[in-house]
Amino acid sequence: MRTFLVAALLLSHGSAFAACDVMYSEKLNADGSRIRITQRQCDATKSRTLHVEFQPQGSESCLSLLKRTQSVSQAPTGGWRLRDIDADGLFEIEETGACGAGPNCEHRIFKTSVGPGPINAYLFFQGGYAGFKRISDYYVASGRSSCCSWDHQVYKKPMTADPITDSDLVYEVMVGVDVGDPPRTRCRVFSRVDHNLIQVPLSDKKLLTLCEVYGENYVFNPPFLNEGP
């Protein structure tokens, strides 16, 4: 694996120079294949581009998998990185787009299909979040919903090479801090039934770690009084 930054200067028709920053990142997958991303950002075009290449195990040649372009003005802190989201030794491409005032940003995650048939990159998830991870057989997109609360969207693992959609949503885990002395943390778990949110238990106890945004001292699914969720 190597990550480095190269500054390239391109000569224009005048005597001025237009600067481009080029960044490379390469990872070795557990199956012996390699994946490499090249990001180029140029002042002249005000754009940021991505090129993803894949080298199968035992091959000396690389395949071009994916090309993307971003507007620097719309996503000033955007870009791409390689992440092993599944912790299975195979790296995904995570794209960061426009961000809000807090930690939430628009993202796209692309996976590499290396099974029978052509090798390609496909969209796996698209949405806004501050963090994305896998817990057991679930994928969790977490975002801050206010100054003192977080919302976790819990999706089931897709069975095919299709993007995760709202139909894959299993739980919404809402974690917030009550005003009081001392304050307490509430963790509520909801499932959507006929367009309504119904408070439900968790079938997989490993997902309880989502309740620990503010520590292990929380109240799980407290009864409703005269308050919202």
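These are my notebook entries on strands, cores, salt bridges and ring pairs in this structure.

**Entry 1: the model**

I kept in mind from the start that this is a predicted model.

**Entry 2: an open sheet**

I began with the strands and looked up a sheet of four. Its order is β6-β7-β8-β9, the sheet is open, and the pairing is antiparallel. Which strands sit at the edges? I found β6 (79–83) and β9 (120–129) there, each with a partner on one side only. I also checked how neighbouring strands are turned against each other: the average is 25°, with direction ignored.

Next I looked at β7 and β8 by themselves. Strand β7 covers residues 92–99 and strand β8 covers residues 105–113. The two run antiparallel, and five bridges join them. To have a place to look in the 3D view, I picked out Ile93, which stands opposite Phe110 in β8.

**Entry 3: two nonpolar cores**

I turned to the inside. The largest nonpolar core has 14 residues. Which of its residues touch the most other members? My list reads Val140, Val154, Tyr171, Val173, Val189, Leu207 and Leu210. I then asked which strands supply this core. At least two residues come from each of β11 (138–146), β13 (169–177) and β14 (185–193). Strand β13 gives the most, with three residues.

I followed Leu207 a little further. Leaving out residues up to four places away in sequence, Leu207 touches Ile135, Tyr138, Val140, Val154, Tyr171 and Leu202. Apart from this core lies another one, of 13 residues. Val52, Leu66, Leu82 and Phe91 are among its members.

**Entry 4: salt bridges**

How many salt bridges are there? I noted a count of 14. I went through three of them.

- Glu94 with Arg81: their side chains meet at 2.7 Å, N to O. Glu94 lies in strand β7 and Arg81 in strand β6, so this salt bridge ties together parts that are 13 residues apart in sequence. Is Glu94 buried or exposed? With a relative accessible area of 2%, Glu94 is buried. Arg81 has 46% and is partly exposed.
- Arg34 with Glu26: here the N to O distance is 3.3 Å. Glu26 has a relative accessible area of 11%, so I wrote it down as buried. Arg34, at 31%, counts as partly exposed.
- Arg134 with Asp137: these side chains meet at 3.2 Å, N to O. Arg134 is partly exposed at 26% relative accessibility, and Asp137 is partly exposed at 47%.

I did not stop at the last pair, since Arg134 and Asp137 also belong to a network of salt bridges. Asp86, Glu92 and Lys111 are linked into that network with them.

**Entry 5: aromatic pairs**

I searched the whole structure for aromatic pairs and found seven. I looked at Phe125 and Tyr155 before the others. Their ring centres are 5.5 Å apart and the angle between the planes is 65°, an edge-to-face pair. Phe125 lies in strand β9 and Tyr155 in strand β12 (residues 149–156), so the pair ties together parts that are 30 residues apart in sequence. Phe125 is buried, with a relative accessible area of 3%. Tyr155 is buried too, with 8%.

Then I took Tyr138 and Tyr171. Their ring centres lie 6.3 Å apart and their planes meet at 50°, so I noted this pair as tilted. The pair links distant parts of the chain, with Tyr138 in strand β11 and Tyr171 in strand β13, 33 residues apart. Tyr138 is buried, at a relative accessible area of 14%, and Tyr171 is buried at 8%. Both names had come up before in my notes: Leu207 touches Tyr138 and Tyr171.

Which residues do ring pairs link into a cluster? I wrote down Phe124, Phe125, Tyr129, Phe132, Tyr139 and Tyr155.

**Entry 6: where to look again**

For a second visit I marked two spots. One is Glu94, the buried residue whose side chain meets that of Arg81 in a salt bridge. The other is Tyr171, a member of the largest nonpolar core and a ring partner of Tyr138.

Conventions
Residues numbered from 1 in each chain as written. Predicted model: local features only at pLDDT ≥ 70, side-chain atom pairs only at ≥ 80, totals over all residues. Heavy atoms only, no water. Pairing = 2+ DSSP bridges. Axes fitted to C-alpha atoms, helices over the stretch in contact; angles between N-to-C directions. Core = buried A, V, L, I, M, F, W, Y, C linked by side-chain atoms within 4.5 Å. Buried < 20%, exposed > 50% of the residue type's maximum accessible area, 1.4 Å probe, protein only. Contact = heavy atoms within 4.5 Å. Salt bridge = Lys/Arg side-chain N within 4 Å of Asp/Glu carboxyl O. Phe/Tyr/Trp six-rings, centres within 6.5 Å; stacked < 30°, edge-to-face > 60°.
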